[in-house]
Each structure stands twice: as C-alpha cells, then as structure tokens.
Amino acid sequence: MNIKEHLAEDAILIGLKASSSEEVIRALGEKLRNLGFVKENFIEAALEREKNMPTGLPLGGEYNAAIPHVDIEFVNQSALGLAILKQDVVFYNMVENDQEVPCRLVIMLALDQPKSQIEMLQSVAAVLQDQETVSKLVSAETKEEIFSLLS
C-alpha cells in the first residue's frame with residue numbers, strides 16, 4: 001500500500017506544538033474529520049485505543065514515531081494524517097506498554113478495510129526503518145518535501 005497515495009495533504013501538520021499525545025491525536029483527528037475522512041467519534045475512539053493499546057515505536061535512532069489508528073467502523077474513507085512535532089511528545093511503547101517513547105513523528109492511520117490496515121502498517125514500518133528518511137521527514141519544512149520522501 002502506498003503511503004503517498006493515502007496521505008491527505010491538508011492533514012499534514014508541520015511544526016505542530018503539542019504537549020501530550022492526546023493533543024497530537026486530537027489535532028490530526030480533527031483535520032481528518034473536517035476533511036470528511038472519519039466519523040464524529042473517530043477522535044474519542046483513537047484516544048481510547050491509544051490508552052489501551054499504545055502506538056509508540058522506538059526506532060533506535062535520533063527520532064521515534066507513533067502510529068495511532070482505530071478500527072474501520074470509525075472511518076468513512078481511507079486516509080493518513082502526518083504530524084512533525086516541534087518537540088518530542090511522549091507516547092507509550094506498542095510492545096512494552098508502560099515504557100515511554102518520546103516521539104517527533106506521528107502518522108495517523110484512518111483505513112476503511114481490515115486488510116488495508118495490515119498492509120499500510122507494513123508500508124509505514126518500511127519507511128520508519130530507514131533512519132535517514134525519518135531524519136529527513138522530521139526536518140521537512142514543506143508538504144512537497146514530505147511527499148518526495150515518501151515516493
């Protein structure tokens with residue numbers, strides 16, 4: 001699954017100032033909701049899921065990422081949102097749920113097919129495994145730069 005094809009240009013937030021994972025999820029969720037991609041209850045569902053099944057992903061380099069997502073019932077049409085944070089925000093580790101993961105990059109998945117979630121998570125993971133690409137994403141100043149890095 002191609003990240004670039006699903007990334008909603010108007011749901012890219014560069015230099016987002018947030019002090020909590022909740023603020024990040026709300027900001028991205030509101031963008032996706034205002035664009036019509038997700039249902040009214042999407043944000044609350046994403047926050048609830050994050051509480052029970054965290055999405056912080058330590059990448060082993062300078063930056064870490066989080067990949068918040070929800071079940072398909074909260075989605076109208078598949079889309080991704082992306083936030084590059086001004087400073088690290090704590091998410092919790094998706095494997096070690098009590099471990100804090102300071103994240104600078106957040107990719108929110110809103111997918112309307114169960115199979116597409118697994119495929120998109122694999123595509124996102126492939127991008128996140130490349131430390132150079134992650135560093136360039138975090139340093140990106142324009143949406144065009146982000147799209148060119150994801151091609």
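Me: How many helices and how many strands are there in the protein?

Reply: In this predicted model, the protein has six helices and five strands, and, read along the sequence, these elements follow the pattern α-β-α-α-β-β-β-β-α-α-α.

Me: How compact is the protein, given its radius of gyration?

Reply: The radius of gyration is 14 Å, close to the 15 Å that the globule rule gives for 151 residues, so the protein is as compact as a globular protein of that length. The C-alpha atoms fill a box of roughly 35 × 35 × 30 Å, taken along the principal axes. Of the contacts between residues at least 6 apart in sequence, 68% join residues at least 24 apart.

Me: What part of the 151 residues is buried, and what does the accessible surface come to?

Reply: Buried residues make up 49% of the 151, while the accessible surface comes to about 7500 Å², of which 45% belongs to carbon and sulfur atoms. As for charge, there are 13 positive and 24 negative side chains, and the centres of the two sets lie 4 Å apart.

Me: Where should I look for the nonpolar core, and which residues have the most contacts inside it?

Reply: The general idea is that, in soluble globular proteins, nonpolar side chains tend to be buried together. Here the largest nonpolar core has 31 residues, and those with the most contacts inside it are Leu 16, Val 24, Leu 32, Phe 42, Ala 83, Phe 91 and Val 106. The elements that give two or more residues to this core are β1 (7-16), α2 (21-34), α3 (42-52), β4 (79-92) and β5 (100-110). There is also a second, separate core of 25 residues, which includes Leu 59, Leu 111, Met 120 and Val 124.

Me: Which residues does Phe 91 touch, not counting those up to four places away in sequence?

Reply: With those neighbours left out, Phe 91 touches a list of residues that includes Ser 21, Val 24, Ile 25, Glu 50, Ala 66, Val 101, Cys 103 and Val 106. Ser 21, which has its place in helix α2, is buried, with a relative accessible area of 19%, where the cut-off for buried is under 20%. Beyond four places in sequence, Ser 21 touches Val 89, Val 90 and Phe 91.

Me: Is Met 108, in strand β5, buried or exposed?

Reply: Met 108 counts as buried because its relative accessibility is 0%. Leaving aside neighbours within four places in sequence, Met 108 is in contact with residues including Ile 25, Leu 28, Leu 32, Phe 42 and Pro 68. Gly 81 is also in contact with Met 108; the two are 27 residues apart in sequence and 4.9 Å apart in space, C-alpha to C-alpha.

Me: What is Ala 110 in contact with, again leaving aside neighbours within four places in sequence?

Reply: Ala 110, found in strand β5, is buried with a relative accessible area of 0%, and its contacts are Leu 32, Val 38, Phe 42, Val 75, Gln 77, Ser 78, Ala 79 and Leu 80. The C-alpha atoms of Ala 110 and Glu 73, which are 37 residues apart along the chain, are separated by 9.9 Å.

Me: Why does His 6 count as buried or exposed?

Reply: His 6 is found in helix α1 (residues 3-6) and counts as buried because its relative accessibility is 19%, and buried means under 20%. Not counting residues up to four places away in sequence, His 6 touches Met 1, Ser 78, Ala 79, Leu 80 and Met 120, and Met 120 belongs to the second core.

Key. Residues numbered from 1 in each chain as written. Predicted model: local features only at pLDDT ≥ 70, side-chain atom pairs only at ≥ 80, totals over all residues. Heavy atoms only, no water. Core = buried A, V, L, I, M, F, W, Y, C linked by side-chain atoms within 4.5 Å. Buried < 20%, exposed > 50% of the residue type's maximum accessible area, 1.4 Å probe, protein only. Helix = DSSP H or I, 4+ residues; strand = E, 2+ residues; numbered from the N terminus. Contact = heavy atoms within 4.5 Å. Rg over C-alpha atoms; globule rule 2.2 N^0.38 Å. Areas by Shrake-Rupley, 256 points an atom, 1.4 Å probe, with all protein chains shown as cover. Lys, Arg positive; Asp, Glu negative; His and termini not counted. Charge placed at Lys NZ, Arg CZ, Asp CG, Glu CD.
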